[in-house]
Structure formats: structure tokens, C-alpha cells
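Student: I have a model open and don't know my way around it yet. Can we go through it piece by piece?

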Amino acid sequence: IRCGIHTGPVVASVVGWLNPRYCLFGDTVNTAARMESSSEAGRVLMSEASALLLQNTAPGLLVVPREPILIKGKGRLRTFWVVGYAAPSAMHPPQPSPRRTLSCEQAEAPLLREDTISPR
């Protein structure tokens, strides 16, 4: 089994009437397919965009650079192999994203005020 990963926007839709299927479309899907076809058996190959994303969200995941490869329609891309996990002591938890906190009064306030609802 080979695996390829790329990160980016996609469009999703159900296609077909008699035998409907959920499908993904877009350049991201095509690039992931190219990563898979350029990978080796038993290995996971990912694009630079995916490696950067995983560096922030899964810091314990070890990735090593592979030589840039020629991807049809894209040119030379930097790619990375997934090789395993770091020792737990080497892992650093991801930084939490800033979240908006509400005061008790804001949380209990109604979402719609009666004076903003128009009659039919």
C-alpha cells in the first residue's frame, strides 16, 4: 500500500442518480493522487503544505524531507516522508488557538431580541 497526502481546499458533492457516490474534486485531490503515485510501497509521502500543517498540529509526528520530485502539472515539489512518532518526552503539545470567551451575562443573553423579529 502507498499513501499520499496533500492539504488544501476541495469541493465535495454526491454524484450519480442510480448509484450515488460522494466525490471530492479539485487541485488538492489531484496533488494528493500524485503524492500517492510517487510514493513507495509501505510509505506515506506528503506535500510541503501538509508537512507544515502537521508540524503545528501533530508535533510528535516525524517527517523527513525527500528530494524534490517532478509532479505532472505542478513542476518540482518539495515532499516529505512520514517516518513515525517522536519519543513522548520530545513531543510538545500544540499551542491552543485563541478562543473568544463569553461572560455569564453574554452567555445567558437571548440570541434574538423580540424587537428585531419582524411580523409576517
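Student: Which strands does helix α2 lie across?
Tutor: Helix α2 (residues 48-57) lies across β1, β4, β5 and β6, and runs at about 95° to β4. Axes are lines fitted to C-alpha atoms, for helices over the stretch in contact (heavy atoms within 4.5 Å). Angles run from 0 to 180 degrees between N-to-C directions. Helices (H or I, at least four residues) and strands (E, at least two) are DSSP runs, numbered from the N terminus.

Student: What should I know about the model itself?
Tutor: This is a predicted model, where local features need pLDDT of at least 70, side-chain atom pairs count only at pLDDT 80 or more, and totals for chains, interfaces and linings use all residues. Residues are numbered from 1 along each chain as its sequence is written, and side-chain values use heavy atoms, with hydrogens and water left out.

Student: OK, the sheet. What is the strand order?
Tutor: The order is β1-β4-β6-β5, in an open sheet of four strands with mixed pairing. Two strands pair if DSSP finds at least two bridges between them. The edge strands, β1 (3-5) and β5 (61-71), each pair on one side only. Neighbouring strands of the sheet are turned by 30° against each other on average, direction ignored.

Student: How many bridges join β1 to β4?
Tutor: Three, and the two strands run parallel. The partner of Cys 3 in β4 is Val 44.

Student: Different spot: is Thr 79 buried or exposed?
Tutor: Thr 79 counts as buried because its relative accessibility is 0%. Buried means under 20% relative accessible area, exposed over 50%, and partly exposed in between (1.4 Å probe, protein chains only). Thr 79 sits in strand β6 (residues 75-85). Leaving out residues up to four places away in sequence, Thr 79 touches several others, including Met 35, Leu 45 and Ile 69.

Student: And Arg 43, where is that?
Tutor: Arg 43 is in the loop between α1 and β4. Arg 43 is partly exposed, at 29% relative accessible area. Arg 43 and Cys 3 are 40 residues apart in sequence, yet 6.5 Å apart in space, C-alpha to C-alpha.

Student: Back to helices. Which residues of α1 are buried?
Tutor: Thr 28, Thr 31, Ala 32 and Met 35. They cover an arc of only 100° around the axis, so they lie on the same side of α1. That arc is taken from the directions from the helix axis to the C-beta atoms.

Student: What covers them?
Tutor: The cover over the buried residues of α1 includes β1, β4, β5 and β6.
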